[in-house]
Amino acid sequence: MQTERLLPDQMGMARAAILLAGGHVVAIPTETVYGLAGDARNGQAVARIYEAKGRPSFNPLIVHVPDLEAARAIADVTAEAETLAKAFWPGALTLVLPLRADAGIASLVTAGLSTVAIRVPGHPVAQALLRLTGPLAAPSANASGRISPTSADHVLDPDGGLDGRIAAVLDAGPCPVGLESTIIGWPQGRATLLRPGGIPTEAIARCLGHPLADHQADPAAPNAPGQLTSHYAPKAALRLNVSDPGPGETHIAFAAPGPFTLSETGDLAQAAARLFDTLRRADREGRPISVAPIPDHGLGAAINDRLRRAAAPRG
Ligand code: TXA
Ligand code: MG
């Protein structure tokens, strides 16, 4: 299959919408990362997403909709969820909510669970496309276990990307946030952080007026599917919290200059936006990688989560 590279104009979006309506999969820009989108109501389209990614099929996908009203057609938006939706949508927040019986979403999207993960992306191209297509299931547009893509070039990377495996990519340049969405669910009735991401946990807790339950810290909580330990993995070995890089290492700096710095000035939003591209570029040097310490608050917590997974033993 020849993968089409589409411009994010009216014609490109119309072409993407036609491909999606035909059950094909298209990589689309969002403010967090590029998503590999398929019609969430079409089981065959969703199967093509899993196939293109080589993703284990027990791992459910996020459904993207243009607004809160569209979310209500798919899930029960509970009181706390509505508070968060009104504060952070459109944006880098995914809510795991009870799936409505009449949602019309292919069961492969939720991997048969009674809950569904929903997000309203804020990227103008994603917004415009969703108004042409209806709900789109989309995981990050990378091969399973590899580094998430924050540009169309990452999606099509000849080394392990999806070129030739998907119908098209809608190229709108780099993603401004650069980290996947923050995922919040209510597995035991309490608002719980399922994945740190592009909206800082502190901002969500402030909005709710109470701290979030920590999924990892609760041994009674069921394991969220897809929280595989090794993820976002570069090929090279990765050492974290390194202030003293070895001579044979490619060093990813923070709050310091350098060819692989995440932010010269120590700006966490800039570091998040550069993280995945920097990991890819550093990996191409073919040497072990060391990463400077990153403050563990705000977006830094999500950056450190991704780095820990990237450094985890490979499965
Ligand atoms: O920013 C993002 O979230 C990007 C863009 C494309 O929207 N998407 C993304 O999707 O990161 P993905 O598939 O790479 O990660 C989705 C996560 C997975 O860890 C999955 O297990 C979890 O969401 N998830 C999906 N449905 C769930 C559910 N019903 N219950 C618990 N976790 C769920
Ligand atoms: Mg992913």
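**View 1. Strands 10 and 11 of the predicted model run parallel and are joined by 2 bridges.** Strand 10 covers residues 192-195, and the bridge partner of its residue Thr192 in strand 11 is Ala213. Strands here are DSSP runs of E with at least two residues, and helices are runs of H or I with at least four residues, both numbered from the N terminus. This is a predicted model, in which local features need pLDDT of at least 70 and side-chain atom pairs count only at pLDDT 80 or more, while totals for chains, interfaces and linings use all residues. Residues are numbered from 1 along each chain as its sequence is written, and chains are lettered from A and ligands numbered from 1 in the order in which they are written.

**View 2. An open sheet of 11 strands shows mixed pairing.** The strand order is 1-8-2-3-7-4-6-5-9-10-11, where two strands pair if DSSP finds at least two bridges between them. Strand 1 (4-6) and strand 11 (213-214) each have a single partner strand and stand at the edges, so one side of each is left without a neighbour in the sheet.

**View 3. Helix 4 lies across strand 5 and strand 9.** The helix spans residues 79-88, and the strands cover 93-98 and 182-185, respectively. Helix 4 runs at about 155 degrees to strand 5, with axes being lines fitted to C-alpha atoms, for helices over the stretch in contact, and angles running from 0 to 180 degrees between N-to-C directions.

**View 4. Ala117 is a buried residue of strand 6 (residues 115-119).** Ala117 counts as buried because it has 27 C-beta neighbours inside 10 Å, the cut-off being 20 or more other C-beta atoms within 10 Å of its own, with C-beta atoms placed from the backbone. Leaving aside neighbours within four places in sequence, Ala117 is in contact (C-beta atoms within 7 Å) with Pro60, Ile62, Val63, Thr94, Val96 and Ile183. The C-alpha atoms of Ala117 and Pro98, which are 19 residues apart along the chain, are separated by 8.9 Å.

**View 5. The chain is divided into domain 1 (4-77 + 85-183) and domain 2 (238-311).** These bounds come from an automatic or database domain assignment, and the C-alpha centres of the two domains lie 27 Å apart. The contact takes 9 residues from domain 1 and 12 residues from domain 2.

**View 6. Residues 218-223 have pLDDT under 50.** For this stretch the model has 5 contacts beyond four places in sequence; pLDDT is the predictor's confidence in each residue, from 0 to 100. The mean pLDDT of the chain is 93, and 94% of its residues reach 70 or more.

Definitions and conventions
Two residues are in contact if their C-beta atoms, placed from the backbone, lie within 7 Å. A residue is buried if 20 or more other C-beta atoms lie within 10 Å of its own, exposed if 12 or fewer, and partly exposed in between; C-beta atoms are placed from the backbone.
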